[in-house]
Amino acid sequence: MTGYVTKFGSLDSFEKGSIEIIDDEPKHYTFSNVFEVANASRPWEKVAVGKNMEYVLEVIRAEGVSGWRSAAHDEFPLVLDGEITIELVKLDEPAVPADKSGSVALPGEPVGRPMGRIVCRRGHMALLPANAAYRMSAERPSVIMLQTILGDDTIERWAEICLS
């Protein structure tokens, strides 16, 4: 009987993956390692690692405290490594036009009612509701994968991060 071992990666311990092509051209396939991308990123950069039409998966290196952000649509952070705290504020007025894609940085403190905070650890996913403001913090370097819509702050470095 063959034994299998599941190994979870982290910023401190990850391996580059590989791809074995059976009967096809390697140029038809690309992949990247989210921990390698986060390890090479600055805190709070939003680096696209997956894209389907206007939707993206962004890897974010969470370290310290982010600025306040808001989006006209829901976003979903999934913590892959470490622990993050998310503060939420229900804005008195939407800060982002309804047709704007992606999240935007907010100047200063948001005006509205505090909604609470969420503490997320590895494997936890949260909802960042549309038209709310959020700020994230991490006491030690952590990794977030954010499901969102491609926006102005999304960094696309496909040539640098994808192996083929």
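Is threonine 148 counted as buried or exposed, and at what relative accessibility? In this predicted model, threonine 148 has a relative accessibility of 2% and therefore counts as buried, since the term applies to residues under 20%. The residue belongs to strand β8, which spans residues 132-149. Its side chain is engaged in a polar contact with the side chain of glutamate 75, at a separation of 2.6 Å. When residues up to four places away in sequence are set aside, threonine 148 touches Glu54, Tyr55, Val56, Glu58, His73, Glu75 and Gly102, so that Glu75 appears both in this list of contacts and as the polar partner of the threonine 148 side chain.

The protein that surrounds this site contains 2 helices and 9 strands, and its elements follow the order α-β-β-β-β-β-β-β-β-β-α from the N terminus on. Of the 164 residues, 41% are buried, and the protein exposes about 9800 Å², of which 51% is supplied by carbon and sulfur atoms. Among the contacts between residues at least 6 apart in sequence, 78% join residues that are at least 24 apart.

A second site is found at methionine 125, which lies in the loop connecting β7 (112-121) and β8. With residues up to four places away in sequence again excluded, methionine 125 touches Phe76, Pro77 and Leu78. Between methionine 125 and isoleucine 144, the C-alpha to C-alpha distance is 9.4 Å, with a separation of 19 residues in sequence.

Terms used:
Residues are numbered from 1 along each chain as its sequence is written. This is a predicted model: local features need pLDDT of at least 70, side-chain atom pairs count only at pLDDT 80 or more; totals for chains, interfaces and linings use all residues. Side-chain values use heavy atoms; hydrogens and water are left out. Helices (H or I, at least four residues) and strands (E, at least two) are DSSP runs, numbered from the N terminus. Buried means under 20% relative accessible area, exposed over 50%, partly exposed in between (1.4 Å probe, protein chains only). Contact means heavy atoms within 4.5 Å. Accessible areas come from the Shrake-Rupley method with a 1.4 Å probe; for residues, only the protein chains shown count as cover. A polar contact is a pair of N or O atoms within 3.5 Å; within protein, one must be able to donate a hydrogen and the other to accept it, and residues adjacent in sequence count only if both atoms are side-chain atoms.
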